[in-house]
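Please look over the sequence and the model below. A short report on selected features follows them.

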Amino acid sequence: MMAEFDVVVVGSCNMDLISYVPRLPKPGETIHGHKFSLGFGGKGANQCVMAARLGACTAMVAKVGDDVFGGNFIQNFKDNGVNVDNVQVTTEASTGVAPIAVNDDGQNSIIIVSGANLMLTAADVRQQETVITQAKVLICQLEIQPETSLEALRIAKQHGVTTILNPAPAQASLDPELYRLSDIFCPNETETEILTGLPVTTVEEAEKAADVLLDRGCKRVIVTLGEKGCLCKSSKSEKGIHVPARKVNPVDTTGAGDAFVGSLAFYLACNKDLSLEEVIQRACHISSISVCSPGTQTSFPHKKDLPQELF
């Protein structure tokens, strides 16, 4: 069967409600903030929008609340060219939200209320099986119920769809099947430490930790290392590939990992002639551009604004 979609994402939608304050309030205290912004977030939504902005034909499988944020979310997907036929609306919970307070030093406190994200079930995914089987690449994360991501990955593997799991937020006791179903397992350094119990502060340490993850059944491991770039490993017997990051002056690193994962999926689906190293280099390049602007999705570049050599 011909793939109808380049990239399908099964994942989360969270509305970021960001208040900028001189300092974080104490319990029982009311303080004045100096700026407020609303942003579309959630790892799943971010990764899907990034792939779409690069030109991938994308579809989102998610659940939002029957409220103003849910309606805004669906419209934002449409504005970015994302297929929303499989974004369900529930009256049983609100759209996921993340009220965030950011102080003048850039420190923040975040409350995530997952809401409708947790209402997306494995049964829902089975009902929407067709969209997954029509994908070239499937992306999952852990901001929805783990068994929902598990079911999506199972369906994808049964139909020869390339799978990417971004195990975030990390859970120390991950279902072993999630490793085995991942063609590409893509944690950041903090998530890698939680999953393996090993320190990941250098490229060499990342390689040792990647070996542990490969032992658990992942086909390939890509550890994102922030300003140090990425480490990719496909087998314990071969040395990992280290792709350094471009030197930039970051303004806001929020969403950089999602920009990387969305870009990675785009290149795997749409540029099959590229080597994995080249795919990672290009995804790193786009991620490094995203940190030079404020916000999450607002910082994700569009294809028309990127250097032509990336395509």
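The report covers a sheet, a helix pair, an aromatic pair and a loop residue.

## Basis

This is a predicted model. Residues are numbered from 1 along the chain as its sequence is written.

## The sheet

The sheet is open and has four strands. Their order is β3-β2-β6-β7. Pairing within the sheet is mixed. Two strands sit at the edges: β3, residues 35-41, and β7, residues 108-110. Each of these edge strands pairs on one side only. From one strand to the next, the twist averages 20 degrees.

Strands of a sheet pair through backbone hydrogen bonds, in either the parallel or the antiparallel sense. For β2 and β6 the sense is parallel. Strand β2 spans residues 14-20 and strand β6 spans residues 96-102. Seven bridges join the two. Within this pairing, D16 stands opposite A98 of β6.

## Helices α7 and α8

Helix α7 runs over residues 189-196, and helix α8 over residues 203-215. Their axes come within 10 Å of each other. The crossing angle is roughly 55 degrees. That angle falls outside the ranges for roughly parallel, roughly antiparallel and roughly perpendicular, so α7 and α8 count as oblique to each other. The crossing is left-handed.

Residues from both helices make up the contact. Helix α7 brings T192, L195 and T196. Helix α8 brings A209, V212 and L213. By class, the contact holds four nonpolar and two polar residues. Charged residues are absent from the contact of α7 with α8.

## An aromatic pair

Six aromatic pairs turn up in a search of the whole structure. One of them joins F40 and F73. The ring centres of F40 and F73 are 5.1 Å apart. Their planes stand at 85 degrees, which is over 60, so the pair is edge-to-face.

This pair links distant parts of the chain. F40 belongs to strand β3, whereas F73 belongs to helix α2, residues 68-79. The two residues are 33 residues apart. Strand β3 is also one of the edge strands of the sheet.

## Loop residue Q107

Where does Q107 lie? Q107 is in the loop between β6 and β7. Leaving aside residues up to four places away in sequence, Q107 touches L24, A101 and V102. A101 and V102 fall within the span of β6, residues 96-102.

How far apart are Q107 and G33 in sequence and in space? They are 74 residues apart along the sequence. From C-alpha to C-alpha, Q107 and G33 are 14 Å apart.

Methods
This is a predicted model: local features need pLDDT of at least 70, side-chain atom pairs count only at pLDDT 80 or more; totals for chains, interfaces and linings use all residues. Side-chain values use heavy atoms; hydrogens and water are left out. Two strands pair if DSSP finds at least two bridges between them. Axes are lines fitted to C-alpha atoms, for helices over the stretch in contact, and angles run from 0 to 180 degrees between N-to-C directions. Angles under 35 degrees count as roughly parallel, over 145 as roughly antiparallel, 65 to 115 as roughly perpendicular and the rest as oblique. A crossing is left-handed if the near helix is turned anticlockwise from the far one by less than a right angle, and right-handed if clockwise. Contact means heavy atoms within 4.5 Å. Ala, Val, Leu, Ile, Met, Phe, Trp, Tyr, Cys and Pro count as nonpolar, Asp, Glu, Lys and Arg as charged, and the others, Gly among them, as polar. Rings of Phe, Tyr and Trp (its six-membered ring) pair if their centres lie within 6.5 Å; planes under 30 degrees apart count as stacked, over 60 as edge-to-face and the rest as tilted.
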